Amino acid sequence: MFFEDVLPRIKAGEKALRTGWNGKGMFVVAQKGYPEGILSNKQTAEAWGIKEGDLFKVAPYLQIKNADKTHAMWVPSIGDIFANDWEILKGGEDNEN
């Protein structure tokens with residue numbers, strides 16, 4: 001599949017991956033963010049120069065699970081956008097290929 005095929009499915013809550021990625025267990029999900037806001041924790045407050053507990057609004061974003069099991073905000077590369085090796089993760093389970 002192409003990225004334009006999987007993006008609506010990611011937005012609908014499915015997990016997607018590229019078979020061309022070199023790491024095991026990697027996949028992308030959509031995060032709804034906190035458009036109405038969430039109370040900021042100490043780390044967020046310090047990073048943004050706000051008070052701990054202040055309302056912090058977060059727009060929706062894509063998130064990736066990396067091969068080392070960490071998670072990060074994710075923006076597709078040009079290679080990801082034009083690749084045709086996208087798949088939907090079957091059964092919603094982590095990809096441990």
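**View 1. Strand β5 sits largely enclosed by the rest of the structure.** Four of the five residues of β5 are buried, so there isn't much of this strand left facing out. What you're looking at is a predicted model. The strand covers residues 61-65, and Gln-63 is one of its residues.

**View 2. Gln-63 is a buried residue in β5.** How buried is Gln-63? Its relative accessible area is 16%, and the cut-off for buried is under 20%, so Gln-63 counts as buried. Leaving aside residues up to four places away in sequence, Gln-63 touches Phe-27, Val-28, Val-29 and Gln-31, along with His-71, Ala-72, Met-73 and Trp-74.

**View 3. Two glutamine side chains meet: Gln-63 and Gln-31.** Zoom in on the side chains here: the one from Gln-63 makes a polar contact with the one from Gln-31, at 2.5 Å. Which residue of β5 stands opposite Gln-31? That would be Tyr-61.

**View 4. β5 pairs with β2 in the antiparallel sense.** Strand β2 takes in residues 27-31, and five bridges link β2 with β5. Phe-27, Val-28, Val-29 and Gln-31 are among the residues that Gln-63 touches.

**View 5. β5 also runs antiparallel to β6.** Here the partner is strand β6, residues 71-74, and four bridges join the two strands. Who stands opposite Gln-63 in β6? Look for Met-73. Gln-63 touches Met-73 too, as well as His-71, Ala-72 and Trp-74.

**View 6. A hairpin connects β5 and β6.** Five residues lie between the two strands. While you're at the turn, check the backbone of Lys-69, which has a positive phi of about 75°.

**View 7. Stepping back, the chain holds three helices and seven strands.** Starting at the N terminus, the elements go α-β-β-β-α-β-β-β-α-β. The C-alpha atoms fill a box of roughly 45 × 30 × 25 Å along the principal axes. Of the 97 residues in the chain, 31% are buried. Among contacts with a separation of 6 or more, 59% come from residues 24 or more positions apart.

**View 8. The outside of the chain: surface and charge.** The accessible surface comes to about 6,600 Å², with 55% of that belonging to carbon and sulfur atoms. As for charge, there are 12 positive and 14 negative side chains, and the centres of these two sets lie 2 Å apart.

How values were computed:
Residues are numbered from 1 along each chain as its sequence is written. This is a predicted model: local features need pLDDT of at least 70, side-chain atom pairs count only at pLDDT 80 or more; totals for chains, interfaces and linings use all residues. Side-chain values use heavy atoms; hydrogens and water are left out. Buried means under 20% relative accessible area, exposed over 50%, partly exposed in between (1.4 Å probe, protein chains only). A polar contact is a pair of N or O atoms within 3.5 Å; within protein, one must be able to donate a hydrogen and the other to accept it, and residues adjacent in sequence count only if both atoms are side-chain atoms. Contact means heavy atoms within 4.5 Å. Accessible areas come from the Shrake-Rupley method with a 1.4 Å probe; for residues, only the protein chains shown count as cover. Lys and Arg count as positive and Asp and Glu as negative; His and the chain ends are not counted. The place of a charge is taken as NZ of Lys, CZ of Arg, CG of Asp or CD of Glu. Two strands pair if DSSP finds at least two bridges between them.
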